[in-house]
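Please guide a newcomer through this structure in a viewer, indicating what to select at each stop and what is found there.

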Amino acid sequence: MQLRYAFRVYPSAGQRALLARSFGCARVVFNDALRVREDARAAGLPFVTSAELSKRLTVSKKTPGRAWLGEVSSVILQQSLRDLDTAYRNFFDGIKGKRPKAGPPRFKSRRDNRQAIRFTANAGWRITDGGKLRLPKIGDLRVKWSRPLPSVPSTVSVIQDAAGRYFASFVVGTDPAADRERMPGTDATVGIDLGLTHFAVLSDGTKIDSPKFLRRAEKKLKKAQRVLSRKVKGSKNRDKARGKVARAHARVADARREFHHRLSTRLIRENQAVAVEDLAVKGLARTRLAKSVHDAGWSAFVTMLEYKAARYGRAFHRTGRFEPTSQVCSNCGVKDGPKPLNVREWTCRACGAVLDRDVNAAVNVAKAAGLAVSACGAQVRPERVPAQRGEAGTHPKPHRATVRQTGITRL
């Protein structure tokens, strides 16, 4: 399995200038190649191959207008052409239905929020004995190592984000057997119901509050954005204010990512199988709850759960988004009909059990995935019903479920 390990990099002033030149050269090569293919398409000519683009790049480096491309490593220019091929491949695969739809490749700008270059093994980069990252035609970059790499990396990407921070992202191959030994197996299983008031509710009754990082930082973000709007466009002060806004947003994103990593690792460590509902995040992001939905970051969290389950040998299940998890009683399996969002607790009319809406949904998510989850963890308590005169000491018989009431079967 291949994983990415990202570390903060602190280049000097001269190295930042060299990195800016490298970002610009890679961007120009990408745009030139995209323009060649778009012109060929407009003229009705055949698709320009990658080999032809590579030949044209070699010729252009010898011309006066593109001679400065030779001042950077040739590897990052070739990798830029590969990025264009990947963008076209994703676009065509989306049209064919092989993957989610992606838009056609578009031209890159120097004002994009993210700039990146990639070095492969044949570029001659390495990690020095002193722990620095040595890159060709750039020099030795100081790296803040937060943990050791599990093996020798194959490629490294240097990334500059919108906040002006630099990162080194290494692609490392790991041994799945060694990873699974570090995380021993367990018999526990869990269903997860994601929400806004509580970020996650587990089938065992545990409720994890939503940190709401964006909501908590809204006051500072609003002030920084107001200061930015008052600066003259094109001025140095406006660039400084833009950097402050970007750094404020970066702190929110980092805190959210850290929360997702900690929670996903904990759930994978404690459970052998994890089930989560497949939410329509794009649809929810078009409602009045859009800001809260984006602040929760459900998609990123579910993606972490999925790849960590594959890495550590856990089972991961997605329950269909049309499964009536909030309408079915997890105690008797009778479908009791839809309920508005303000109903957080309801009583089953068939068996009389009082159910917590979120915990009941988490139990049903696990059952729909085929996991053996006990309904007793769903905070189910029978409603107090007076015993009939002729049935003293017996439980009331549940109402017979019709075909329309039948939902998730009880395990």
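The tour begins at the largest cavity, where α7 supplies the largest share of the lining, three residues. The model on display is a predicted one.

**First stop: the cavity**

Select Phe199, Ser210, Pro211, Lys212, Phe213, Arg256, Phe259, His260, Asp295 and Ala296, which line the largest cavity. Two elements, α7 (236-270) and α9 (290-296), each give two or more residues to this lining. Colouring the selection by class separates five nonpolar, two polar and three charged residues. The enclosed volume is about 40 Å³. How many cavities of 30 Å³ or more does the structure hold? There is one.

**Second stop: two lysines with positive phi**

Keep Lys212 selected, as this lining residue of the cavity has a further feature in its backbone. Its phi is near 55 degrees, a positive value in a residue other than glycine. To place Lys212 in the chain, display the loop between β10 (207-209) and α5 (213-216), where this lysine is found.

Next, select Lys137. Where does Lys137 lie? It belongs to the loop that runs between β4 (133-135) and β5 (139-144). Here too the residue is not glycine and phi is positive, with a value near 60 degrees.

**Third stop: α1 against α3**

Now select helix α1 (residues 13-42) together with helix α3 (residues 74-96). Their axes are 9 Å apart, and the helices pack at an angle of about 45 degrees. That angle makes α1 oblique to α3. Viewed as a crossing, the passage of α1 over α3 is right-handed.

To display the contact, show the side chains of Ser22, Cys25, Ala26, Val29, Phe30, Ala33, Leu34, Arg37 and Glu38 on α1. Facing them on α3 are Ile76, Leu77, Ser80, Leu81, Asp83, Leu84, Asp85 and Tyr88. By class, this contact contains eleven nonpolar, two polar and four charged residues.

**Fourth stop: α2 against α3**

Leave α3 visible and add helix α2 (residues 50-60). Which angle do α2 and α3 make as they pack? The angle is about 150 degrees, and the axes are 11 Å apart. The crossing of this pair is right-handed.

On the α2 side, select Ser50, Leu53, Ser54 and Leu57; on the α3 side, select Leu77, Gln78, Leu81, Leu84 and Asp85. Together these residues make the contact, and they divide into five nonpolar, three polar and one charged. Leu77, Leu81, Leu84 and Asp85 of α3 may be kept highlighted, since they take part in the contact with α2 and also meet α1.

**Last stop: α1 against α2**

Finally, hide α3 and examine the remaining pair. The axes of α1 and α2 come within 11 Å and cross at roughly 125 degrees. The two helices are therefore oblique to each other. Is their crossing left-handed or right-handed? It is right-handed.

Select Val29, Ala33, Val36 and Arg37 on α1, and then Ser50, Leu53, Arg56 and Leu57 on α2, to see where the two helices meet. The contact comprises five nonpolar residues, one polar residue and two charged residues. Restoring α3 to the view shows that Val29, Ala33 and Arg37 of α1 meet α2 and also meet α3. On α2, Ser50, Leu53 and Leu57 meet α1 and belong to the contact with α3 as well.

Conventions. Residues are numbered from 1 along each chain as its sequence is written. This is a predicted model: local features need pLDDT of at least 70, side-chain atom pairs count only at pLDDT 80 or more; totals for chains, interfaces and linings use all residues. Side-chain values use heavy atoms; hydrogens and water are left out. Axes are lines fitted to C-alpha atoms, for helices over the stretch in contact, and angles run from 0 to 180 degrees between N-to-C directions. Helices (H or I, at least four residues) and strands (E, at least two) are DSSP runs, numbered from the N terminus. Angles under 35 degrees count as roughly parallel, over 145 as roughly antiparallel, 65 to 115 as roughly perpendicular and the rest as oblique. A crossing is left-handed if the near helix is turned anticlockwise from the far one by less than a right angle, and right-handed if clockwise. Contact means heavy atoms within 4.5 Å. Ala, Val, Leu, Ile, Met, Phe, Trp, Tyr, Cys and Pro count as nonpolar, Asp, Glu, Lys and Arg as charged, and the others, Gly among them, as polar. On a 1 Å grid over the protein atoms alone, a cavity is a set of points where a 1.4 Å probe fits but cannot get out, and a pocket is an open set with protein on both sides within 12 Å along at least five of seven lines; lining residues have an atom within 4 Å of a point. Grid points are joined across faces, edges and corners, and a volume is the space filled by probe spheres set on the points.
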